[in-house]
Amino acid sequence: MRNAATILIVEDDERIRNYMRTVLASCDYAVLETGNAKTALSIVASHNPDLVILDLGLPDRDGQELLSEMRQWSRVPVVVISARGLEKDKVTALDNGADDYITKPFGTDELLARIRAALRHGRQRNEGERTVFSGNGLVVDTERRIVRVDGQPIHLTQIEYKIVTLLCRNSGKVLTHDYMIREVWGPFSNCDTQLLRVNMANIRRKIEKDPTMPEYIATEIGVGYRMIEMD
Ligand code: CA
């Protein structure tokens, strides 16, 4: 089966670019590529790819700047490549409109999982809202407001439910603390990350088999939370 999606790789390190091209082509994605920001902008404008993989360290321009400029006229899903340990860069990229990030060095499975999730979100943005999410025994039905784990109904408070549905709608993708607080408590709340953490601990106690080894909601240290990919 062909993955009709077209992916633009923006990365000046040829070794990494070749590796990504080989992996993506073997999965039948159509691949476009460039090593600089200027050409990247013109390819996005002329080819309208389904996804952009963007390295933040480019020779001619800062990747964050490129991302903000592109976001003024394009909603193409963007997965940013960042160096290990630079949590601030990841948060800035997400705030600038990136959909997700991968940290160097990354493996093939992780690369493909991030790509699948970002492509799915791009499609969902175009198709409208889904109402039932399921994965690994967890089912969340937002139309009937029901959450089940292995068939057992789970009782969540209003806030916990809001957090879980927010994560489901963005499953497979990392959400920053600030973004989650804004979406759950509203833009003018003075809620802090500590309250988010307390709620997350309660949610994990209710839905995870072992809250210390969460299988549904992963912690992205210094950034936020990520729900497993849901169907
Ligand atoms: Ca680079």
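The following exchange asks how several descriptions of this predicted model follow from its computed values.

User: Why is His 121 called buried?

Analyst: The relative accessible area of His 121 is 6%. Buried means under 20%, so His 121 with its 6% is classed as buried. His 121 lies in helix H5, residues 108–127.

User: Which residues does His 121 touch, leaving out residues up to four places away in sequence?

Analyst: With those left out, His 121 touches Arg 169, Asn 170, Ser 171 and Lys 173. A contact requires heavy atoms within 4.5 Å.

User: What makes H2 roughly parallel to H3?

Analyst: Helix H2 (residues 37–47) packs against helix H3 (residues 63–71) at an angle of about 20°, and their axes are 11 Å apart. Angles under 35 degrees count as roughly parallel, and therefore H2 is described as roughly parallel to H3. As for handedness, H2 passes H3 in a right-handed crossing.

User: Why are both an angle and a distance given?

Analyst: Because two packed helices are described by the angle between their axes and the distance between the axes.

User: What is the make-up of the contact of H2 with H3, by class?

Analyst: On the H2 side are Ala 37, Ala 40, Leu 41 and Val 44, which meet Leu 66, Glu 69 and Met 70 in H3. By class, the contact has 6 nonpolar, no polar and 1 charged residues. Glu counts as charged, while Ala, Val, Leu and Met count as nonpolar, so the charged residue is Glu 69.

User: How do you know which strands are the edge strands of the sheet?

Analyst: The sheet is open, with 4 strands in the order E6-E7-E8-E9 and antiparallel pairing. Strand E6 (132–135) and strand E9 (152–153) each pair on one side only, and these are the edge strands.

User: What shows that E6 and E7 are paired?

Analyst: E6 is joined to strand E7 (residues 138–141) by 4 bridges, and the two run antiparallel. Pairing needs at least two bridges, so 4 bridges meet the criterion. Within this pairing, Phe 133 has Val 140 in E7 as its bridge partner.

User: How is helix H6 placed relative to the sheet strands?

Analyst: Helix H6 (residues 158–169) lies across E6, E7 and strand E8 (146–149). H6 runs at about 100° to E7.

User: Where is Asn 136, and which residues does Asn 136 touch beyond four places away in sequence?

Analyst: Asn 136 is in the loop between E6 and E7. Its contacts of that kind are Glu 215, Tyr 216 and Ile 228. The C-alpha atoms of Asn 136 and Met 230 are separated by 8.2 Å, with the two residues 94 residues apart along the chain.

Terms used: Residues numbered from 1 in each chain as written. Predicted model: local features only at pLDDT ≥ 70, side-chain atom pairs only at ≥ 80, totals over all residues. Heavy atoms only, no water. Axes fitted to C-alpha atoms, helices over the stretch in contact; angles between N-to-C directions. Buried < 20%, exposed > 50% of the residue type's maximum accessible area, 1.4 Å probe, protein only. Parallel < 35°, antiparallel > 145°, perpendicular 65-115°, else oblique. Left-handed = near helix turned anticlockwise from the far one by under 90°.
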